[in-house]
Amino acid sequence: MIPIIGEPHDRVDGRQKVTGEARYAAENNLPNLAYAVLVTSTIPAGSIAAIDAAAAKSAPGVISVISHLNAPKLPDTGGQQQESNAAEHHHMPFSDDSVHYVGQAVAAVVADTFEHATHAAGLVRVNYRPTPARIVMEEHRSDAKERQGNAPATFSKGDAEGALASAPVKVDQVYRIPYEHHNQMEPHALVAAWDGDRLTVHDSAQNIFTTRQTLAKAFGVPTESVRVMSPFVGGAFGSKGSAWPHVFIAVMAARMVRRPVKIALTRRQAYFSNGHRPLTEQRVALGATADGKLVAMIHEGIGQTNTVCDYVEGFTSPTRSMYATPNVRVAHRVVELDLPSPTYMRAPGENPGMYALESAMDEMAYALKIDPIQLRVLNHADDDPANGKPWSSKSIKECYAQGAERFGWPRRTSEPRSMRDGRQLIGLGMASATYPSHRAPASARAVMHRDGNVDVSSGTHEMGMGTATVMAQLAAETLGVPFERVTFRYGDTTLPRAPISAGSLTVASVGSAVFAASSQLKRKVIDLATADASSPLNGTDPNDIDAADGKLTLKSDPSRGEAYAAILRRHYLDTMDAAADEKPEPNDPYSARAFGAVFAEVGVDPDLGIVRVRRIVAAFAGGRILNAKTARSQYHGGIIQGIGMALLEQTHLDRNLGAFTNVNLAENLVPVNADVRSIDVILVPEDDPHVNPIGAKGIGEIGIVGVAPAIANAVYHATGKRVRDLPITIEKLL
Amino acid sequence: MTLPPCYTNPEPDDESPADPSRRSFVIGSAAATAAALISPILGAAPATAETPPKSDPNAVAVVLDVNGKRHELRLDPRTTLLDALREHLDLTGTKKGCDQGACGACTVLVDGKRINSCLTLAVMNSGKAITTIEGLASNGRLNPVQAAFIRNDGFQCGYCTSGQICSAVALLREGHTHSDDEIREWMSGNICRCGAYPGIVAAIREAANARV
């Protein structure tokens with residue numbers, strides 16, 4: 001009924017987005033709106049000695065200056081275990097005089113216009129009592145500690161150290177990924193408005209229901225009194241899953257000045273107070289037999305965090321599941337520094353971890369003198385090595401084969417510097433990709449109207465993944481009504497509850513709920529028809545009824561049937577509806593992951609060291625694909641961010657000031673159009689009956705995984721230089 | 001619906017007790033009062049379409065011609081064209097990505113040329129013909145570039161899209177569409193972090209081919 005690779009429908013929100021009608025959070029210009037602009041700390045550690053707000057307060061248009069001196073004290077709303085998403089819940093904004101990083105909000109100026117608030121924010125004088133700061137991770141390696149993150153910090157089986165020591169062939173290297181930022185196009189923003197004890201928030205968010213709960217807790221009002229809306233999100237990539245300090249500040253300010261308040265962070269501010277991918281330093285040690293069987297894998301290292309957030313970069317997660325080997329030891333630890341809070345960034349854990357692991361695998365292939373694909377196939381994990389469970393499905397061998405063929409891998413000569421195009425050194429590299437298939441509880445409602453139109457709703461989010469489009473498709477296909485007849489509503493906490501849109505779980509979670517609600521609705525109408533003496537379907541077997549094009553038809557006799565709308569009309573029903581609350585099975589007998597293979601061709605200027613990615617071919621098997629067009633675009637996006645990660649992206653840290661320095665889009669480089677040439681994505685068909693009711697494994701994250709190592713491996717092939725420190729910039733190749 | 005050429009913001013709602021400064025606020029031109037009177041008769045002046053003017057002793061008069069409509073405003077002289085569009089005219093289709101001229105999300109056409117509206121003050125654009133994303137479709141018919149962006153999936157989150165499309169419209173006029181590489185080069189002032197570049201290039205190629 002639902003095809004494995006769905007129709008490439010155009011996006012349902014396309015018209016709104018190309019005409020400028022789509023309204024993002026900061027664009028809710030409510031009547032009587034006031035503007036808040038943040039004043040941020042200039043020291044990494046210490047306390048606020050004094051705030052002189054006199055000049056700001058007397059500046060034109062200023063309504064209030066808020067800081068720890070006059071702000072209400074918000075309670076710690078807890079971490080994820082308490083169903084809170086306050087990113088820095090160990091230090092609620094303006095709760096005291098303490099400073100934990102450069103760029104922390106220390107005051108907010110509220111004024112009648114953006115210009116007045118911005119001007120007055122510059123007039124606030126803050127004096128500090130600095131204390132010695134911990135800034136450079138490498139200087140505090142010995143303080144690294146285990147902290148509970150999404151994946152346990154350690155895992156081991158067999159005797160990895162012993163097996164490595166006796167392995168005939170070894171690779172043992174350290175890989176480094178710098179601080180990187182999401183750089184989503186829309187900086188964080190919200191408009192908050194109180195009406196008595198009722199709060200309405202227009203936020204740019206990936207997690208509106210948890211934000212609602214968190215705000216209710218923080219401000220001491222019932223959850224039902226809070227409404228969070230986020231119908232359009234201008235990019236997020238993990239940076240908008242949490243309620244960052246500015247969210248609380250806007251809500252607090254709106255209450256204090258009794259007006260709706262808008263906070264739209266400046267691009268600069270968003271580099272400090274809204275998360276980043278932390279610096280990681282990862283050792284990967286592999287031991288293999290001479291014929292290429294891995295006998296030992298060790299993956300350990302450290303990543304930056306701080307004391308106000310809970311985030312841990314779980315980069316060893318993929319290593320537990322990727323290859324079959326009897327001896328494994330992994331451990332990721334954190335170093336708490338006086339720096340901004342890290343957070344989830346596209347494919348957290350998996351993306352940084354696979355950069356290290358897949359680089360090491362390429363080094364092992366060279367050490368063994370065997371083909372990199374062959375090495376990976378030789379060590380293919382038939383079951384999940386992390387837990388011994390069977391895979392719900394796994395098609396990585398098809399990904400290797402189809403990708404290699406499309407890419408022309410066989411024409412590669414393995415010797416470094418052996419391929420040229422004119423002056424250019426040519427390099428071909430590949431890497432595996434994987435990301436776990438997550439699922440969370442979700443609810444949905446489906447309503448059929450007597451004119452045959454269908455409304456489906458779930459309070460999920462659309463950050464550009466195509467959620468609105470694919471949910472409408474899924475409902476249309478399940479109900480058997482034309483796609484154009486379905487409207488999907490989302491991005492509002494008055495709708496059925498949906499989980500965070502992250503971890504590639506939206507289609508699996510919300511899709512399962514939409515599927516269930518649509519199936520139940522269909523069955524309700526079928527039951528009505530089969531029991532109805534006036535229906536041509538009267539008395540027939542409900543299981544013998546098919547739905548297509550808005551009509552129910554008997555499979556065994558297609559001449560018998562009638563339209564949904566006719567059934568509703570005859571029963572004088574304006575609407576029929578069904579709701580579903582779906583959650584994953586508690587004890588899943590299967591392990592579920594999406595897999596893929598990424599192939600990169602680079603050209604390197606031998607004199608200048610300039611690297612250009614000439615083409616990427618990537619094959620992904622992610623279970624059912626609901627829309628081939630939006631899926632392809634999602635993969636493109638991941639791959640392009642992967643190109644940036646490999647060659648461009650790094651946020652520099654001033655080692656004395658503790659401040660990020662390239663905090664604008666001119667210096668914090670991300671790929672522009674001219675950086676991207678040919679990208680060819682293969683959607684490898686995969687029928688997964690086990691992963692979830694609709695068989696989709698999720699595609700948002702995996703697109704970036706494997707791209708940076710494929711490019712790094714291609715650069716080695718082109719130049720003979722192994723860069724283990726991203727990004728691969730010119731000076732590292734000269 | 002077309003507003004009268006003398007249109008300015010309607011009188012702000014008098015019931016704003018939390019903002020006492022409003023009480024002493026006087027709209028600077030008689031035209032405004034006239035518009036406030038005329039608008040209801042024409043069924044015009046939607047309450048949310050343009051935010052009430054903010055009190056400001058330093059405000060200056062600015063006349064902006066946006067999408068063929070004339071707007072008389074009183075603005076803080078520091079107001080950028082971008083903020084004038086978004087915060088004062090409620091034309092929020094033009095996006096603020098960086099406010100520093102580095103991302104292109106705020107691209108609009110001024111006298112036919114593409115510019116970053118965050119890098120120019122509103123007062124500097126008095127009397128010039130400004131076209132924003134809201135002014136590209138005519139009578140509900142999408143500009144061919146807009147339609148091509150939908151067909152070729154030239155966006156994901158949509159936040160850079162207005163700027164990309166305004167840039168692309170200018171690019172077609174500039175004639176930098178002889179090859180995909182030329183399109184890529186001349187569209188590189190508009191960042192798309194979702195990575196919709198393949199779709200953007202395909203859309204522009206399609207629109208360029210349709211023109212000849």
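# Reading a predicted two-chain model

Analyst: Read along the sequence, chain B runs α-β-β-α-β-β-β-α-α-α-α. Before we go further, keep in mind that this is a predicted model.

User: Happy to start there. How many helices and strands does chain B have?

Analyst: Chain B has 6 helices and 5 strands. The pattern places a helix at the start, then two strands, another helix, three strands, and a run of helices up to the end.

User: And how do I read burial for a chain like that? What share of chain B counts as buried?

Analyst: The general idea is that a residue is called buried when its relative accessible area is under 20%. In chain B, 55% of the 212 residues count as buried. The accessible surface of this chain comes to about 8,700 Å², and carbon and sulfur atoms account for 55% of that surface. You can also look at how contacts span the sequence: among contacts in chain B between residues at least 6 apart, 59% join residues at least 24 apart.

User: Let's move to chain A. Which domains does the assignment give?

Analyst: There are three in the assignment for chain A. Domain 1 is made of 18-131 + 185-235 + 240-270, domain 2 of 280-438 + 588-733, and domain 3 of 440-582. Domains 1 and 3 of chain A have their centres 40 Å apart, taken over C-alpha atoms. In the contact, 19 residues come from domain 1 of chain A and 17 residues from domain 3 of chain A.

User: Now the interior. Which residues have the most contacts inside the largest nonpolar core?

Analyst: A nonpolar core is a set of buried nonpolar residues joined through side-chain atoms. Here the largest one has 191 residues, and A:Ile616, A:Ile711 and B:Phe149 have the most contacts inside it. Helix H13 (residues 506-530) of chain A supplies the largest share of this core, 10 residues. A second core of 40 residues is separate, and includes A:Leu74, A:Ala108, A:Val221 and A:Ile263.

User: What is A:Ile616 in contact with, beyond its neighbours within four places in sequence?

Analyst: Its partners include A:Val598, A:Phe599, A:Ile639, A:Ile643, A:Val707 and A:Ile711. A:Asp680 is also one of them, and we will meet that residue again among the salt bridges.

User: Is a threonine like A:Thr467 buried or exposed?

Analyst: A:Thr467 has a relative accessible area of 5%, so it is buried. A:Thr467 lies in helix H12 (residues 467-479) of chain A. Not counting residues up to four places away in sequence, A:Thr467 touches A:Thr460, A:His461, A:Glu462, A:Phe488 and A:Thr506.

User: On to charges. How many salt bridges are found over all chains?

Analyst: The search of the whole structure finds 50. To read one, find the closest N and O atoms, then ask where each partner sits. In the salt bridge of A:Lys629 with A:Asp10, those atoms are 2.4 Å apart. A:Lys629 is in helix H15 (residues 628-647) of chain A, while A:Asp10 is in the segment before helix H1 (14-19), so this pair links parts of the chain 619 residues apart. A:Lys629 counts as buried because its relative accessibility is 18%, whereas A:Asp10, at 30%, is partly exposed.

User: And where do A:Asp680 and A:Arg406 sit?

Analyst: A:Asp680 is in strand E27 (residues 678-683) of chain A and A:Arg406 in helix H11 (residues 396-407) of chain A, 274 residues apart. Their closest N and O atoms are 2.9 Å apart in the salt bridge. A:Asp680 is partly exposed at 24%, and A:Arg406 is partly exposed at 46%.

User: Which residues are linked in a network of salt bridges?

Analyst: The network links A:Glu161, A:Asp172, A:Arg283, A:Glu300 and A:Arg329. One of the pairs is A:Arg329 with A:Glu300, with 3.1 Å between the closest N and O atoms. A:Arg329 belongs to strand E15 (residues 328-336) of chain A and A:Glu300 to strand E14 (residues 294-305) of chain A. A:Glu300 counts as buried at 17%, but A:Arg329 counts as partly exposed at 23%.

User: Last one: which residues form the nonpolar patch on the surface?

Analyst: A:Leu608, A:Ile610, A:Ile730 and A:Leu734 form the patch, with about 360 Å² of accessible area together. Take A:Ile730 as an example: this residue is in helix H17 (residues 730-733) of chain A, and its 38% relative accessibility makes it partly exposed.

How values were computed. Residues are numbered from 1 along each chain as its sequence is written. Chains are lettered from A and ligands numbered from 1 in the order in which they are written. This is a predicted model: local features need pLDDT of at least 70, side-chain atom pairs count only at pLDDT 80 or more; totals for chains, interfaces and linings use all residues. Side-chain values use heavy atoms; hydrogens and water are left out. Patches are made of residues with over 30% relative accessible area and no salt bridge: like charges are joined within 9 Å, nonpolar side chains (Val, Leu, Ile, Met, Phe, Trp, Tyr) within 5 Å. Accessible areas come from the Shrake-Rupley method with a 1.4 Å probe; for residues, only the protein chains shown count as cover. A salt bridge is a side-chain nitrogen of Lys or Arg within 4 Å of a carboxyl oxygen of Asp or Glu. Helices (H or I, at least four residues) and strands (E, at least two) are DSSP runs, numbered from the N terminus. Buried means under 20% relative accessible area, exposed over 50%, partly exposed in between (1.4 Å probe, protein chains only). A nonpolar core is a set of buried Ala, Val, Leu, Ile, Met, Phe, Trp, Tyr and Cys residues joined through side-chain atoms within 4.5 Å. Contact means heavy atoms within 4.5 Å. Domain bounds come from an automatic or database domain assignment.
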